[in-house]
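Open the model in your viewer and keep the sequence panel beside it. We will go from the whole chain to single residues, one selection at a time.

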Amino acid sequence: MEAWLRAIFFPGFVFLLVVFLMIFYLERKILADVHLRTGPYYVGKWGLLQTTADVFKLLQKEFIIQKRANKLLFSLIPFVAFLMVAILIAFIPFSAHSYIVSTSFDLLLILALVTGMPPVFFYAGWASKSKYSFIGGLRVVNQMISGEIPLWLSALAAAVFYGTLNHLEIIQKSSIVSFFVLLPAFLIFITATLIVTDRPPFDIPEAEQEIVYGFLTEFGGFNYAILVLSKLVELFALYSVAVVLFLGGFKGPILPGVVWFFIKVAALYFFTFVVRASTPRIRMDQLLRFCWKVLTPLALLNLAFVILIKMFIA
């Protein structure tokens with residue numbers, strides 16, 4: 001299949017929409033099960049069409065920009081955010097042949113794009129000219145910068161161990177030995193991913209009980225849907241990177257590679273949903289203390305450990 005067809009269908013835009021409708025549905029069902037509720041039930045068989053109905057309801061809402069907002073930035077930022085995170089998917093190999101592009105710097109490009117997201121979400125809050133949105137934007141910058149350093153260091157540990165930044169080569173070199181050597185880096189990467197993507201218990205920038213809905217407060221309808229989708233795509237992309245770096249990517253017995261890839265991603269999502277359902281939100285000062293005094297030093301020690309292992313193997 002040509003690259004532009006893959007960008008539209010699989011693993012491109014259409015694929016992303018289908019995947020996120022399913023993930024959103026599963027998140028609601030699993031949260032409901034943990035909380036002993038029913039969850040989506042009435043729209044479609046087993047409530048399967050509830051998320052689709054909610055998306056159509058959002059798209060029908062009136063497009064409103066408050067008078068004081070910077071209209072150009074307010075209208076433009078949701079599309080910039082979605083474009084930046086959608087590019088991340090292009091570098092993910094879902095199977096030996098299911099990817100849009102493969103370069104010698106796959107991992108570096110993905111981390112660079114993720115690092116570029118805090119200013120986008122900050123300007124989303126700033127352009128709204130609302131105090132709740134602005135505070136949410138500031139929280140995004142604080143939280144994402146604090147989480148990105150351990151994220152980079154844990155990903156760097158995997159790159160050092162494999163000696164490459166190309167995702168396909170990393171998957172080819174992965175083994176059960178690499179899994180155990182990189183297990184600490186994997187745990188740090190997953191924790192940092194929850195922080196960078198504002199997932200509970202680190203959903204401080206969108207804490208509705210404190211700042212309404214953070215930088216998303218003034219957005220509605222289509223723009224709100226695009227921004228929420230951008231956050232979901234970012235989480236999906238980083239979990240896919242975790243599968244590539246630490247879990248052997250599409251490797252697995254009997255089943256097709258793409259099936260193994262999504263089984264591993266689904267396991268990470270299940271962990272995320274259970275954490276969301278069972279843990280309270282922490283405060284910003286607790287998060288910063290945890291990132292700078294615990295997670296970042298651990299990531300540095302782990303990097304030194306991986307370098308020593310690499311030298312020993314060499």
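**Whole chain**

Start with a cartoon view. The chain has 14 helices and 0 strands. Its radius of gyration is 20 Å, close to the 20 Å that the globule rule gives for 314 residues, so the chain is as compact as a globular protein of that length. Keep in mind that this is a predicted model.

Turn the chain along its principal axes. The C-alpha atoms fill a box of roughly 65 × 45 × 40 Å. Take contacts between residues at least 6 apart in sequence: 77% of them join residues at least 24 apart.

Now switch on the surface. About 15000 Å² is exposed, and carbon and sulfur atoms supply 73% of that area. Buried residues make up 49% of the 314 residues. Colour by charge next. There are 24 positive and 16 negative side chains. The centres of the two sets lie 2 Å apart.

**Helix 2**

Select residues 13-34, which form helix 2. Its 22 residues should span 32 Å at 1.5 Å a residue. The end C-alpha atoms are 31 Å apart, which agrees.

Show side chains here. The buried residues include Phe 15, Leu 16, Val 19, Phe 20 and Ile 23. Further buried residues of helix 2 include Tyr 25, Ile 30 and Leu 31. Two charged residue types also appear among the buried ones, as Glu 27 and Lys 29.

What covers these residues? Add helix 3 (50-59), helix 4, helix 12 and helix 13, which are among the covering elements. Then step just past helix 2 to Leu 36, which takes a positive phi of about 60°.

**Helix 6**

Move to residues 117-128, which make up helix 6. This helix has 12 residues and reaches 17 Å from its first C-alpha to its last. The expected value is close, at 16 Å.

Is helix 6 mostly covered or mostly open? It is mostly covered, with 9 of its 12 residues buried. Among them are Met 117, Pro 118, Val 120, Phe 121 and Phe 122. Gly 125 and Ser 128 are also on the buried list.

Display the partners. The buried residues of helix 6 pack against helix 4 (71-89), helix 5 (106-115), helix 7 (131-162) and helix 12 (221-246). After helix 6 comes Lys 129, with a positive phi near 55°.

**Ser 133**

Go on to Ser 133 in helix 7. At 0% relative accessibility, Ser 133 counts as buried. Which residues does Ser 133 touch, leaving out those up to four places away in sequence? They are Gly 125, Ser 128, Gly 214, Phe 215, Thr 217 and Glu 218. You have already met Gly 125 and Ser 128 as buried residues of helix 6.

**Two loop residues**

Select Asp 198, in the loop between helix 10 (183-196) and helix 11 (208-211). Its phi is near 60°, a positive value in a residue other than glycine. Is Asp 198 buried or exposed? With a relative accessible area of 3%, Asp 198 is buried, as the cut-off for that is under 20%.

Finish at Ile 254, in the loop between helix 12 and helix 13 (257-278). Phi of Ile 254 is also positive, near 65°. Ile 254 has a relative accessible area of 87% and is exposed, the cut-off for exposed being over 50%.

Notes. Residues are numbered from 1 along each chain as its sequence is written. This is a predicted model: local features need pLDDT of at least 70, side-chain atom pairs count only at pLDDT 80 or more; totals for chains, interfaces and linings use all residues. Side-chain values use heavy atoms; hydrogens and water are left out. Helices (H or I, at least four residues) and strands (E, at least two) are DSSP runs, numbered from the N terminus. The radius of gyration is taken over C-alpha atoms; the globule rule is 2.2 Å times the number of residues to the power 0.38. Buried means under 20% relative accessible area, exposed over 50%, partly exposed in between (1.4 Å probe, protein chains only). Contact means heavy atoms within 4.5 Å. Accessible areas come from the Shrake-Rupley method with a 1.4 Å probe; for residues, only the protein chains shown count as cover. The place of a charge is taken as NZ of Lys, CZ of Arg, CG of Asp or CD of Glu. The expected span of a helix is 1.5 Å times one less than its number of residues.
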